[in-house]
Amino acid sequence: MIKLDFEKLREDFPIVSKVIYMDSAASSLTPRQVIEEISRYYLEYRANVHRGVHRLSQEASEKYELAHFKVADFIGANSEREIIFTKNTTESINFIANSIELDNRNRNEIITTYLEHHSNFIPWLRLRKKGFIIKLLKPKPDGTIEIADFEKLISNKTKLVAVTHVSNVLGNVVPVEEMIKISHNFGALCLIDGAQSVPHIPINVKKMDCDFMALSGHKMLGPTGVGVLYIKEEHLNDVEPFTFGGGTIEDVSIDSYKLTRSPERFEAGTPPIAPAIGLGAAVDYLTKIGMENVLEHENKLSNLAFKGLSEIDNVEVYGPAENKVGIISFNIPNLNPHDVALVLDNIANIMIRSGHHCALPLMKEILKRPNGTARASLYIYNTIEEVKKFIDAIKEISKI
Ligand SMILES: Cc1ncc(COP(=O)(O)O)c(C=O)c1O
């Protein structure tokens, strides 16, 4: 593994010279290289894709298609046909939730967990209207999932298991590989919310063997406006598109239509061309660094932050200490988490997230903190010095 100069790569992110950014789980910063690639599209070959025979349209189509290949390689998919560009993780999950039909009353259960972001929770709850039964897997008080608890819930009635790979509140890595294997043994499908894992740890969907994965470009150095839905090849013909229209068909007559192959089949209308090309550049950037290096760097920072916060008397830190990415949730018991975030911005120029992080079931039922938590989330551009400043600032705020 080539060692990287993480100090040097900060030059690619002009914002880090102005603030200490610790809110990457909400949205990461974007390096110059990605912005330049997007600018190139607008300045040099701005045209629609898959529509024109002229040179600009051809170039835009090639670059847009190339982005599918890059993402496929990055997550270890079999082919670019398995990569569908959506707006974000939320849309990718809704895509599958929308396509699921109750075709067999003997298989009418969906399992999700108390750990989930609302994006991987509400779309399944909503399916109760279609007659599905939603079962909820409860983590331990520190947010870890026990396989034995999962085995108590799954059965031959389970149609789909929808679970996050990494908690956006606690940062812990969920044992999804084991869960997928068990799901398949029971004939159930498995959807993985990869919004907080794909930006931080090496991912191989083929090895993992999930049926679907959802992720967001804006959390992995890409621009906003593009997400990914991975659909395993064997399901491509079974999944009903979420939207229909231009670009999705092979033929249309006055009373019928024939859909074309994936990914066009699923990407109706003008797609997010510039964001997808930007995501391709973000994937190049992360690949150049190496995801093993990303994880190692983050673990170093995150261990320091976790230990530092845990040693402060008046601070509660949530989640396990190990097997996690750089997300740390905490509270100073007498203060509202929003106040902690505001003071941190005012006194130390540090940007963190506060509140329920779109994970109210976890906040209410597991952490028992309905006001939420303060959350620091770290990425490749953060440094040991920044983490030390953060710990010192929290020490000061805890004395308020
Ligand atoms: C685990 C998880 N899932 C889903 C989402 C939703 O992502 P988006 O807002 O990009 O759709 C987030 C966003 O924070 C997340 O952390």
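Arg-375 is buried, with a relative accessible area of 2%; buried here means under 20% relative accessible area, determined with a 1.4 Å probe and protein chains only. This is a predicted model, in which local features need pLDDT of at least 70 and side-chain atom pairs count only at pLDDT 80 or more, while totals for chains, interfaces and linings use all residues. Residues are numbered from 1 along each chain as its sequence is written, and side-chain values use heavy atoms, with hydrogens and water left out.

Where can you find Arg-375? Look at strand β15, which covers residues 373-377. From there, the side chain of Arg-375 reaches the backbone oxygen of Asn-168 at 2.8 Å.

Now step back to the whole protein chain. Its secondary structure comes to 13 helices and 15 strands, counted as DSSP runs (helices H or I, at least four residues; strands E, at least two). Of the 400 residues, 57% are buried. The C-alpha trace spans about 70 × 55 × 35 Å along its principal axes.

Here are two radius of gyration values, taken over C-alpha atoms; the globule rule is 2.2 Å times the number of residues to the power 0.38.

| Item | Radius of gyration |
|---|---|
| Compact globule of 400 residues | near 21 Å |
| The protein chain | 22 Å |

The value for the protein chain agrees with that of a compact globule.

Contacts (heavy atoms within 4.5 Å) add to the picture: among those with a separation of 6 or more, 69% join residues 24 or more positions apart.

Terms used:
Buried < 20%, exposed > 50% of the residue type's maximum accessible area, 1.4 Å probe, protein only. Polar contact = N/O pair within 3.5 Å; in protein donor to acceptor, adjacent residues only side chain to side chain.
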